[in-house]
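Please open the structure in your viewer and keep the selection tool at hand. The stops below indicate what to select next and what is to be found there.

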2 protein chains.
Amino acid sequence: MIAISEIFGPTIQGEGALTGVPTVFVRTGGCDFRCSWCDTLYAVEARFKADWTPMSAEAVLAEVERLSGGRPLLITLSGGNPALQPLGDLLSLGQARGYTFAIETQGSKAQDWFARLDHLTLSPKPPSAGMAFSQRRFDACLAAAGVNTQVTLKLVIADEADYRWARDFAARYPHLPLTLQPCNPAPATPDEPARETDLDALNARLRWLVDKVTADGWFAARVLPQLHVIIWNNERGV
Amino acid sequence: MIAISEIFGPTIQGEGALTGVPTVFVRTGGCDFRCSWCDTLYAVEARFKADWTPMSAEAVLAEVERLSGGRPLLITLSGGNPALQPLGDLLSLGQARGYTFAIETQGSKAQDWFARLDHLTLSPKPPSAGMAFSQRRFDACLAAAGVNTQVTLKLVIADEADYRWARDFAARYPHLPLTLQPCNPAPATPDEPARETDLDALNARLRWLVDKVTADGWFAARVLPQLHVIIWNNERGV
């Protein structure tokens, strides 16, 4: 069974290389990380476990089909850390009906079904997140993706230290398409779900990041904001 | 010689499939169109011809190299209509030094050097632009791109009529990646260069467009705003 926090859409993907692409989100519950600026703690912290519904792959796909009117589209697997879940059967069922799959994960847990994804976004956490990094686990994720899955690196940047870390990290994977994403300055939290982020501060971070990247001639780095935050602020379910 | 309106950057591409990618813009002067909501009339209207500098391909590339510190990156050819200019030599010179090239054009004029571009964005104008459309010329642009150039369709949407037109138009080219872009509600004009757009109205158009696309199950359509307008409003040179 798959621990499901929420299934919503269709909406557009708000971040990373697939920004703007219509998709349904399947958010799983449970995470091996607890990042300082996590914007989906309701799918992370164990105290919310009772809110996560155990669902079969068939039931998850049935809900996606209901939401999409049965028209195939991109299914985005997010979390929490969706790589902790048994998602191989969901891939098989969905792909047989024309759906495509993208996953977003920190790269701490490899699964053999990574090789059957269309898109694998690996988002190792920068120093500001306060989490440890395992090179061995990350490289296992890359290896599991094989040659048919499009792998992208997405690095969240909150400050100068994150930026320096990102430069060093990305330099080790020059073959991977790279997106830099300014960190949401004030994500909603379970205790303050209606918290609004400061869009001016977010925009300032975005300008700063564009200035850094262009001044440094770091032309392999694509700079993209969380578009859903710009459109809907911290609202859930969009 | 190439009629140059401005060369600026590095900044990030603000619109279309390459949104977020670091680039230098080479904006040519002169256009065969005069769209109602054009945001670069200073590179379009004949009354600004005296502001356009005739430059050789060598001189254009020298300026791009100065701006980029000699590090190869994406050069975005925009206008006006850059397809009116003799850009074949610029492609040869730039590609020999590792630069890549994208062009944005309405698809009214084909050039044999389209086949040597990395990216060709065709942006035929919707009804709200008030311009005529030539199927023959558009298809000549597609043919000129050949098989090695990545062609993308970018359709600007200002209202319901544009949306309906876009659905019909895109249905004729199902093999082309498609981006829908909400029209800037208040672009700067030469007579009011400091005019600020209404970001709330832009955001409302963006939400409306996402809602339309998802409600209609039009999942091949990627919805992307002009990110530079969100970041820098109508400012020039960014």
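Begin by selecting A:Thr40, which is buried in this predicted model, with a relative accessible area of 9%. This residue belongs to the loop that runs between β2 (22-28) and β3 (53-55) of chain A. Display its surroundings: leaving out residues up to four places away in sequence, A:Thr40 touches A:Arg27, A:Gly79 and A:Gly80. The unreviewed UniProt entry lists A:Thr40 under "binding site".

Now widen the selection to residues 18-234 of chain A, where the unreviewed UniProt entry places the feature "domain: Radical SAM core". This span is 31% helix and 19% strand. Its end C-alpha atoms lie 20 Å apart.

Next, select helix α2 of chain A, residues 88-96. Which of its residues are buried? They are A:Gly88, A:Leu90, A:Leu91 and A:Gly94. These residues lie on the same side of α2(A), because the arc they cover around the axis is only 155 degrees. Turn the helix to view the face directed away from the buried side; the exposed residues A:Asp89 and A:Ala96 are found there. To see what covers the buried residues of α2(A), add α1 (57-68), β4 (74-78) and β5 (100-105) of chain A, which are included in that cover. After α2(A) comes A:Gly98, whose phi is positive, near 95 degrees.

Move to A:Ser123, in the loop between β6 (119-122) and α3 (135-145) of chain A. Is this residue buried or exposed? A:Ser123 counts as buried, at 6% relative accessibility. Apart from residues up to four places away in sequence, A:Ser123 touches A:Thr105, A:Gln106 and A:Lys154.

The following stop concerns cysteines. A disulfide is a covalent bond between the sulfur atoms of two cysteines. How many disulfides does a search of the whole structure find? The search finds 0 over all chains. Select A:Cys183 together with A:Cys35: the cysteine sulfur closest to that of A:Cys183 is in A:Cys35, 9.4 Å away, and this is too far for a bond. A:Cys183 is also buried, with a relative accessible area of 4%. In chain B, B:Cys183 is in no disulfide, and the nearest cysteine sulfur, that of B:Cys35, is 9.4 Å away. B:Cys183 is likewise buried, with a relative accessible area of 4%.

Remain in chain B and select B:Gly70, in the loop between α1 (57-68) and β4 (74-78) of that chain. With a relative accessibility of 42%, B:Gly70 counts as partly exposed. Setting aside neighbours within four places in sequence, its contacts are B:Glu65 and B:Tyr99. Add B:Gly98 to the selection: B:Gly70 and B:Gly98 are 28 residues apart along the chain, and their C-alpha atoms are separated by 10.0 Å.

Finally, display both chains and examine where they meet. The size of an interface is often given as the accessible area lost when the parts come together. Between chain A and chain B, the buried area is about 2500 Å², with carbon and sulfur atoms giving 66% of it. Here 32 residues of chain A are in contact with 32 residues of chain B. Select A:Phe219, A:Arg222 and A:Ile231, which supply 24% of the area that chain A buries against chain B, more than any other three residues. How many salt bridges are counted between chain A and chain B? The count is 0.

Definitions and conventions. Residues are numbered from 1 along each chain as its sequence is written. Chains are lettered from A and ligands numbered from 1 in the order in which they are written. This is a predicted model: local features need pLDDT of at least 70, side-chain atom pairs count only at pLDDT 80 or more; totals for chains, interfaces and linings use all residues. Side-chain values use heavy atoms; hydrogens and water are left out. Buried means under 20% relative accessible area, exposed over 50%, partly exposed in between (1.4 Å probe, protein chains only). Helices (H or I, at least four residues) and strands (E, at least two) are DSSP runs, numbered from the N terminus. The arc is that of the directions from the helix axis to the C-beta atoms. Contact means heavy atoms within 4.5 Å. A disulfide is a pair of cysteine sulfur atoms within 2.5 Å. UniProt positions are given in the numbering used here, feature names are shortened, and annotations may be inferred rather than shown by experiment. Buried area is the accessible area (1.4 Å probe) that two parts lose on being put together, summed over both. A salt bridge is a side-chain nitrogen of Lys or Arg within 4 Å of a carboxyl oxygen of Asp or Glu.
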